[in-house]
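Biologist: I would like a close look at one part of this protein, the cavity. Please walk me through its lining, and then show me what else can be seen around the fold.

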Amino acid sequence: MALPGARERGAPVDDEGLVVPDVDGSVVVRFDDRFVWSFTPRRDGRVVDGARRVTWPVVLAERLSGTTRVRVSDAAGEVVHLDEVVRFGGVAEPLRLVDAQGHPLAVDRAHHLTRVFGETSEDVRRQVVAGAARALTDLRDRLGVDAHLSYGCLLGAVRDGRMIGHDSDADLAYYSPHAHPADVVRESFALERGLRRLGWKVVRMSGGDLKLFLPLDDGRAVQIDVFGAFHADGVFYQLGGRSGTLPAEALTPASTVVLEGVELAAPADPERVLAFLYGEGWRVPDPAFVPVDPAAGVRRLDGWLRGPREGLPRWNELFRTRGGDVPRRGSSFARWAVDRVPADATVVDVGSGTGRDAAFWRRRGHRVVALDYSGAALARTRRRLQRAGETDPDVRVLALDDARTALVAGAELAREETPPWLCARGLLGCLDLEARTHLWRVCLMALRRGGALLLEHPATRDDLPAEELDGMVARVPTDALRRELEAAGARVTHVEHVEGEGLLGEPDPWVARLEVRWDHLHPTRRTGSGTTTSEETP
């Protein structure tokens with residue numbers, strides 16, 4: 001709902017989104033003169049009567065309740081497309097887009113609702129730069145790699161000498177002398193161990209890049225990304241997805257730049273590196289910049305150093321912002337599974353989400369292994385298992401769109417002393433065919449000696465939408481799934497359709513529950529002594 005107010009060019013705005021002229025370049029949205037979001041109409045909007053209709057990012061739309069002045073302009077703030085007071089959700093009270101400490105929030109380039117440097121005090125920005133300087137010193141002087149500022153930090157330093165206002169983290173890179181991806185991975189793991197010894201909290205993002213966490217005085221922890229970079233077969237690759245032509249002499253030996261008054265290591269030729277990272281127009285601010293990385297390079301980096309991470313930011317954001325609303329008690333699926341799972345079995349919660357079912361199984365005395373793709377989900381699962389009495393939760397990353405990760409998980413579960421029972425609620429609707437194929441491989445490896453896979457998924461029905469959660473979860477036709485499982489060597493021993501729950505605990509009128517086994521591939525025979533031994537199928 002829009003209230004009367006000053007504006008230079010008309011553009012409707014409501015709870016779902018806004019309409020802006022069909023202009024080229026970035027558009028900046030401010031609430032009460034604070035940066036909130038930036039987008040490109042021709043990339044992010046759809047044509048409506050010669051203009052562009054753009055919907056709010058999900059993380060922002062969930063917080064739009066209250067009244068605020070909305071100003072929409074070009075990146076420089078010179079051309080104003082909209083300037084008016086808007087009452088979101090029909091709520092007259094002021095809109096408060098702040099964190100728990102009252103600090104302003106904005107949507108960053110990864111569509112996270114977070115604090116950006118433009119709304120951060122000079123003192124805190126200096127703390128971030130001091131942390132980046134410490135990381136560079138540790139990488140260069142103590143761990144012996146050729147590290148320097150990169151991406152947004154380098155861009156801000158060269159262009160303005162300051163952090164970029166709409167940025168929210170620090171970026172470093174190091175140039176590896178290795179030309180074989182396996183050696184690049186080995187070097188990265190050695191760096192991870194070294195950084196941990198030096199006191200850093202480190203999260204591995206792939207075989208060639210790491211994320212450090214720097215605590216700040218204002219209560220948050222800012223992220224410092226450390227990206228590997230190397231040449232292979234004459235092509236330069238830098239994690240983050242870049243690839244192309246860039247000679248080594250543009251990177252090393254290091255030069256220096258000044259950021260927020262602090263001198264820091266930089267590539268040998270910062271301007272040439274910035275042109276490689278952002279294109280020849282890097283000198284012109286573009287808060288909505290989204291890179292178009294060469295597809296061939298992305299495929300090679302995915303194959304060499306990581307599995308695809310499609311959708312991971314959205315899942316992390318979902319569990320961070322809405323995970324607390326999910327019921328704490330075990331799901332109806334877990335209560336259904338109780339009568340099927342032996343009392344002494346290890347339960348593997350595949351796609352643990354918020355950990356509600358993992359905690360349910362732990363409270364019933366089971367040893368629990370929790371697997372998920374999302375770091376935010378695993379963090380919630382770990383906390384719930386601890387509250388359920390588990391002092392050292394067994395929480396592991398499983399990226400089912402990465403064959404290597406799936407094979408490792410299958411091998412680890414196959415080594416369990418007794419066959420585990422795998423439970424997966426809501427997972428199948430989040431997977432494509434390739435990821436499901438990897439899941440069946442995990443099950444084949446883990447369940448040949450016994451145990452079973454217990455599944456619940458939102459099932460198709462003519463009167464129900466094909467997708468849920470803005471396309472993040474799809475309904476799965478049960479008959480087609482059964483054929484797929486049987487083609488993967490499985491034996492489906494039970495199928496039923498009932499009322500159940502969605503991924504976040506919401507009622508779902510039509511879910512399928514299956515019990516699936518692979519133990520017929522590894523039959524057993526009785527010996528004269530009464531013990532059981534295995535016989536491999538010819």
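Modeller: Start with the mix of residues in the lining of the largest cavity: six are nonpolar, four polar and four charged. Keep in mind that this is a predicted model. In total, 14 residues line the largest cavity. Nearest its centre lie Gly351, Ser352, Gly353, Thr354 and Arg425. The volume of the largest cavity is about 120 Å³. How many cavities of 30 Å³ or more does the structure hold? It holds one.

Now look at the elements behind the lining. Two of them, α10 (356–363) and β22 (421–425), each supply at least two lining residues. Which gives the most? That is β22, with three residues.

Next, a pair of helices. Two packed helices are described by the angle between their axes and the distance between the axes. Here helix α8 (residues 312–322) packs against helix α11 (residues 375–387). The angle is about 35°, and the axes are 7 Å apart. From α8, the contact uses Asn316, Phe319 and Arg320. From α11 come Gly375, Ala376, Ala377 and Arg380. Sorted by class, this contact has three nonpolar, two polar and two charged residues.

Then turn to the nonpolar cores. In soluble globular proteins, nonpolar side chains tend to be buried together. The largest nonpolar core in this model has 62 residues. Those touching the most other members are Leu139, Leu149, Leu172, Trp200, Leu212, Leu259 and Leu264. Helix α3 (residues 122–142) provides the largest share of this core, eight residues. Another core lies apart from it, with 34 residues. Val442, Leu485, Ala490 and Trp518 are among them.

Take Leu149 as a sample from the largest core. Leaving out residues up to four places away in sequence, Leu149 touches several leucines: Leu136, Leu154, Leu172, Leu259 and Leu264 are among its contacts. So are Ala157, Ala265 and Ala266. Its other contacts include Val257, Pro267 and Asp171.

Finish with a loop. Val91 sits between β7 (80–88) and β8 (106–107). Is Val91 buried, exposed or partly exposed? Its relative accessible area is 25%, so Val91 counts as partly exposed. Buried would need under 20%, and exposed over 50%. In sequence, Val91 and Gly66 are 25 residues apart. In space, their C-alpha atoms are 4.6 Å apart. Val91 also touches Ser65, Gly66 and Thr67, not counting residues up to four places away in sequence.

How values were computed. Residues are numbered from 1 along each chain as its sequence is written. This is a predicted model: local features need pLDDT of at least 70, side-chain atom pairs count only at pLDDT 80 or more; totals for chains, interfaces and linings use all residues. Side-chain values use heavy atoms; hydrogens and water are left out. A nonpolar core is a set of buried Ala, Val, Leu, Ile, Met, Phe, Trp, Tyr and Cys residues joined through side-chain atoms within 4.5 Å. Buried means under 20% relative accessible area, exposed over 50%, partly exposed in between (1.4 Å probe, protein chains only). Helices (H or I, at least four residues) and strands (E, at least two) are DSSP runs, numbered from the N terminus. Contact means heavy atoms within 4.5 Å. On a 1 Å grid over the protein atoms alone, a cavity is a set of points where a 1.4 Å probe fits but cannot get out, and a pocket is an open set with protein on both sides within 12 Å along at least five of seven lines; lining residues have an atom within 4 Å of a point. Grid points are joined across faces, edges and corners, and a volume is the space filled by probe spheres set on the points. Ala, Val, Leu, Ile, Met, Phe, Trp, Tyr, Cys and Pro count as nonpolar, Asp, Glu, Lys and Arg as charged, and the others, Gly among them, as polar. Axes are lines fitted to C-alpha atoms, for helices over the stretch in contact, and angles run from 0 to 180 degrees between N-to-C directions.
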